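Here are some notes for a colleague who is opening this structure for the first time. They are set out as numbered points, to be read with the sequence and the model side by side.

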Number of protein chains: 2
Amino acid sequence: MHVAIPLYPRFTALDAVGPYTVLAFAPGWTVTFVAAVPGPVIDDKASLAITATASFADLPRPDMILVPGGPGTQAATGDQQLLSWIRAAHEHTRWTTSVCSGSFVLGAAGVLAGRKATSHWGWAEQLPAVGAEHVKERVVFDGKIVTAAGISSGIDMALTFLAEAQDEETARTVQLAIEYDPQPPFNAGNPHTAPAFRREAALNLIF
Amino acid sequence: MHVAIPLYPRFTALDAVGPYTVLAFAPGWTVTFVAAVPGPVIDDKASLAITATASFADLPRPDMILVPGGPGTQAATGDQQLLSWIRAAHEHTRWTTSVCSGSFVLGAAGVLAGRKATSHWGWAEQLPAVGAEHVKERVVFDGKIVTAAGISSGIDMALTFLAEAQDEETARTVQLAIEYDPQPPFNAGNPHTAPAFRREAALNLIF
C-alpha cells in the first residue's frame, strides 16, 4: 500500500507524523510526503520542516492519501494545485483520509459532499459548510473516507484504519512496537468536558 | 525555554515529533532541531526527513535537550561529536530528556550513571549496561533527567514534564489543543501483557 501525505505550509507536525509512524511501521506499506514542489515544508510553529520527496505530478495515483491539518489549512483550501491533485487522486484511491482540519481541505476539494466526517473540536461544527455531516467521534469512517479529530487523534485513526485495511493482528503489532499504551497525565484532552476558559486558551495556542 | 532535539540518521519520527508538538505549542517555548551539520536527517524508515536548522556548535547551551530513539541509536552511541555535545550541554541544562532508545545515547554520553531511567520495552533491561537503574514506568524522573518508554510515550512524557517545568494549567491546555484524549482501538500497547509471539513480531518491525 502506497500512502501519500501532502504537505503545505503551516501544517501541524503531529497530524502527519503520528499516522506516518504507524503506517510506515506496517509491513508492505510505504509512505511518501508530497508537495507541489519537492523540498522542505515548514510547519505551523516555523520550527520544523519535513522534506516532501515527490511532487504532486510524481505521484498522481497513490493507494491512499492522508491530509494533515494545521493553521495552514485556511490557505490550503484555496490552493488549486493541491485541491486538483486530491480530487484526481481520490478518484482512484482505496482510502482517502485526513487528520484535524485536513478534513476541510478534503471538503474544499469536493470529496466530502454528503459524507460523515470529523475534524478538530475547534472547527468541526463548520463541516456542513463543505457539505459534510459532522459526527462527534474521534475517528469517522464513511466508505473509503476516514477522518480523524484533532492533532493526536491521527494515531488512533491510523491504528483503527490499519486493522480495517490490513488486519487486526498487524495493527496490534504496530501498537506494541510503538508502545502505544497511552497514559496522559491529566484527563484534559476531551473538549466536551473542558471548561470554556481552557477551550479558548487552547484555540489561542493553535494560531 | 529553549529545547534542542538532536537528530541522527535512522531516528524514529514520532519519538521526536510527539514531544516536539507538545512543547512547541507551549507559550514561550522554542524547539530547535540540531545535528552535527544542519540539513535534512533521514529517519528509520528512510521515508521522512526533518531539517536540522542548527549545528551542535550553534547551540551549545540549550535549556533542555530531548534525545529521540530509533534503530540509529546503535551508531549514535558511538558518535563522539553527538556525545560530546550532550555531555557539555547537560552540564548547563535545566532538563535532560530522552524518548525510547534515546536513553542509551544519554547513557553513552555518561549522564545516566547511577540514575533511574527507562527506554523502549525491547531494550530497557539493558539500561544497567550504561550505568542506569531501569524503572518500569512510562515516564521516569530522576532530578533533571527525564526518560520515556517507547516511541509514543514521548507525548505522555512531554505533557507530564510540561506540568512540572511550567505549570499544570499549561499542560492541560496543550493537551486540549492537541485533543489528546487517546482512544486506541486495542489494548495492545503494553509489553507486559502482550503475548511473546507478538513481542517478537513487534521488534522485527523496528529494524
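1. Which two side chains does a polar contact of 2.7 Å join? Bearing in mind that this is a predicted model, the two are the side chains of Thr73(B) and Ser101(B). Thr73(B) is found in helix α2 of chain B, which covers residues 73-76, and with a relative accessible area of 7% Thr73(B) is buried. When residues up to four places away in sequence are left aside, Thr73(B) touches Tyr8(B), Ser101(B), Gly102(B), Phe104(B) and Val105(B), so that Ser101(B) appears both among these neighbours and as the partner in the polar contact.

2. The next topic is the contact between the chains. Chain A contributes 64 residues to this contact, and chain B contributes 64 residues as well. The area buried between chain A and chain B comes to about 5700 Å², with 64% of that area given by carbon and sulfur atoms. In chain A, the residues that lose the most area to chain B are Leu176(A), Glu179(A) and Phe186(A), which together account for 14% of what that side buries.

3. The polar side of the interface deserves a separate reading. Across the interface of chain A and chain B there are 32 residue pairs in polar contact, both residues of each pair being at pLDDT 80 or more. The elements of chain A that each supply at least two residues to the side touching chain B are α1 (13-25), β2 (30-35), β4 (49-52), α5 (153-165), α6 (168-177) and α7 (196-206). Of that side, the largest share, nine residues, comes from α6(A). Sorted by class, the side of chain A that touches chain B holds 37 nonpolar, 15 polar and twelve charged residues.

4. How many salt bridges are counted between chain A and chain B? The count is two, while the structure as a whole holds nine salt bridges over all chains. Arg198(B) forms a salt bridge with Glu169(A), in which the closest N and O atoms are 2.8 Å apart, and this pair crosses between chains, running from helix α7 of chain B to helix α6 of chain A. Arg198(B) counts as buried, at 9% relative accessibility, whereas Glu169(A), at 31%, counts as partly exposed. A salt bridge is also formed by Arg198(A) with Glu169(B), and here the closest N and O atoms are 2.8 Å apart.

5. Helix α7 of chain B, residues 196-206, is worth following from one face to the other. Its buried residues are Arg198(B), Ala202(B), Leu205(B) and Ile206(B). Seen down the axis of α7(B), these buried residues fall within an arc of 100°, and therefore they line one face of the helix. They pack against α1 and α6 of chain A. On the face of α7(B) turned away from the buried side are the exposed residues Ala196(B), Phe197(B), Glu200(B) and Asn204(B).

6. Two salt bridges within chain B can be set side by side. Asp156(B) forms one with Arg138(B), the closest N and O atoms being 2.6 Å apart. Because Asp156(B) lies in helix α5 (residues 153-165) of chain B and Arg138(B) in the loop between β9 and β10 (139-142), the pair ties together parts that are 18 residues apart in sequence. Asp156(B) is buried, with a relative accessible area of 0%, and Arg138(B) counts as buried at 7% relative accessibility. Arg172(B) forms another with Glu168(B), where the closest N and O atoms are 3.0 Å apart. Since Arg172(B) and Glu168(B) are four residues apart in helix α6 (residues 168-177) of chain B, about one helical turn separates them. Glu168(B), at 39% relative accessibility, counts as partly exposed.

7. Is Gly122(B) buried, partly exposed or exposed? At 26% relative accessibility, Gly122(B) counts as partly exposed, because the class of buried residues ends at 20% and that of exposed residues begins over 50%. Gly122(B) lies in the loop between β8 (116-117) and β9 (133-134) of chain B. Measuring from C-alpha to C-alpha, Gly122(B) and Ala149(B) are 9.8 Å apart in space, although they are 27 residues apart in sequence.

Key. Residues are numbered from 1 along each chain as its sequence is written. Chains are lettered from A and ligands numbered from 1 in the order in which they are written. This is a predicted model: local features need pLDDT of at least 70, side-chain atom pairs count only at pLDDT 80 or more; totals for chains, interfaces and linings use all residues. Side-chain values use heavy atoms; hydrogens and water are left out. Contact means heavy atoms within 4.5 Å. Buried area is the accessible area (1.4 Å probe) that two parts lose on being put together, summed over both. A salt bridge is a side-chain nitrogen of Lys or Arg within 4 Å of a carboxyl oxygen of Asp or Glu. A polar contact is a pair of N or O atoms within 3.5 Å; within protein, one must be able to donate a hydrogen and the other to accept it, and residues adjacent in sequence count only if both atoms are side-chain atoms. Ala, Val, Leu, Ile, Met, Phe, Trp, Tyr, Cys and Pro count as nonpolar, Asp, Glu, Lys and Arg as charged, and the others, Gly among them, as polar. Buried means under 20% relative accessible area, exposed over 50%, partly exposed in between (1.4 Å probe, protein chains only). The arc is that of the directions from the helix axis to the C-beta atoms.
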